[in-house]
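This report covers side-chain pairing, helix packing and backbone geometry in one protein chain.

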Amino acid sequence: MFTNKALDGRANRCGKVIALCRKTMGKSQRQLADMLQLAGLDIDKNAVQRIEAGKRFVTDIELVYFAQVLRISYEELLGV
């Protein structure tokens, strides 16, 4: 049976990296959501929390904004 989840059961590969980068920057989930909104992405604190927890899928459009705001490459964001 096919499933849209990583081997560890998470719905995304980038959530752990996003959480680590955010914490390294000294930002809260709300502050990260605010930064993403200022960059043009319609996202809230609850979505950031679910992404970091691996409970929410992340679109390619969202990946672009996360990489931009966190100042990391797509490869780093995806742990490639």
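A residue is called exposed when its relative accessible area is over 50%, and buried when that area is under 20%. The structure discussed here is a predicted model.

**A loop residue with positive phi**

Arg-71 has a relative accessible area of 74%, so this residue is exposed. Arg-71 sits in the loop between helix H4 (60-70) and helix H5 (74-78). Its phi is positive, about 60°, although Arg-71 is not a glycine. Most residues other than glycine have a negative phi. Another positive phi, of about 115°, is found at Gly-40, just after H2.

**Packing of H2 and H4**

The buried residues of H2 are Gln-29, Leu-32, Ala-33 and Leu-36. Because they cover an arc of only 100° around the axis, they lie on the same side of H2. Residues three or four places apart in an α-helix point the same way, because there are 3.6 residues a turn. Arg-30 and Leu-38 are exposed and sit on the face of H2 turned away from its buried side. The buried residues of H2 pack against H1, H3 and H4.

In H4, the buried residues are Glu-62, Leu-63, Phe-66, Ala-67, Val-69 and Leu-70. They pack against H1, helix H2 (29-39), helix H3 (45-52) and H5.

**Salt bridges**

How many salt bridges does the model contain? The count is 3, and they are listed below with the N to O distance.

| Acidic residue | Basic residue | N to O distance |
|---|---|---|
| Asp-8 | Lys-16 | 3.8 Å |
| Glu-52 | Arg-22 | 2.6 Å |
| Glu-62 | Arg-56 | 2.7 Å |

In the pair of Glu-52 and Arg-22, with its closest N and O atoms 2.6 Å apart, Glu-52 belongs to helix H3 and Arg-22 to helix H1, so the salt bridge ties together parts that are 30 residues apart in sequence. Both Glu-52 and Arg-22 are buried.

The other two pairs can be described by their accessibility. Asp-8 is partly exposed at 49% relative accessibility, while Lys-16, at 51%, counts as exposed. Glu-62 is buried at 8%, and its partner Arg-56 is partly exposed at 22%.

**Asn-12**

Is Asn-12 buried or exposed? Its relative accessibility is 7%, so Asn-12 counts as buried. Asn-12 is located in the segment before helix H1 (15-25). Its side chain reaches the backbone oxygen of Ile-51 at 3.0 Å. Neighbours within four places in sequence aside, the contacts of Asn-12 are Ile-51, Gly-54, Arg-56 and Val-58. One of these, Arg-56, also forms the salt bridge with Glu-62.

Conventions. Residues are numbered from 1 along each chain as its sequence is written. This is a predicted model: local features need pLDDT of at least 70, side-chain atom pairs count only at pLDDT 80 or more; totals for chains, interfaces and linings use all residues. Side-chain values use heavy atoms; hydrogens and water are left out. Helices (H or I, at least four residues) and strands (E, at least two) are DSSP runs, numbered from the N terminus. Buried means under 20% relative accessible area, exposed over 50%, partly exposed in between (1.4 Å probe, protein chains only). A polar contact is a pair of N or O atoms within 3.5 Å; within protein, one must be able to donate a hydrogen and the other to accept it, and residues adjacent in sequence count only if both atoms are side-chain atoms. Contact means heavy atoms within 4.5 Å. The arc is that of the directions from the helix axis to the C-beta atoms. A salt bridge is a side-chain nitrogen of Lys or Arg within 4 Å of a carboxyl oxygen of Asp or Glu.
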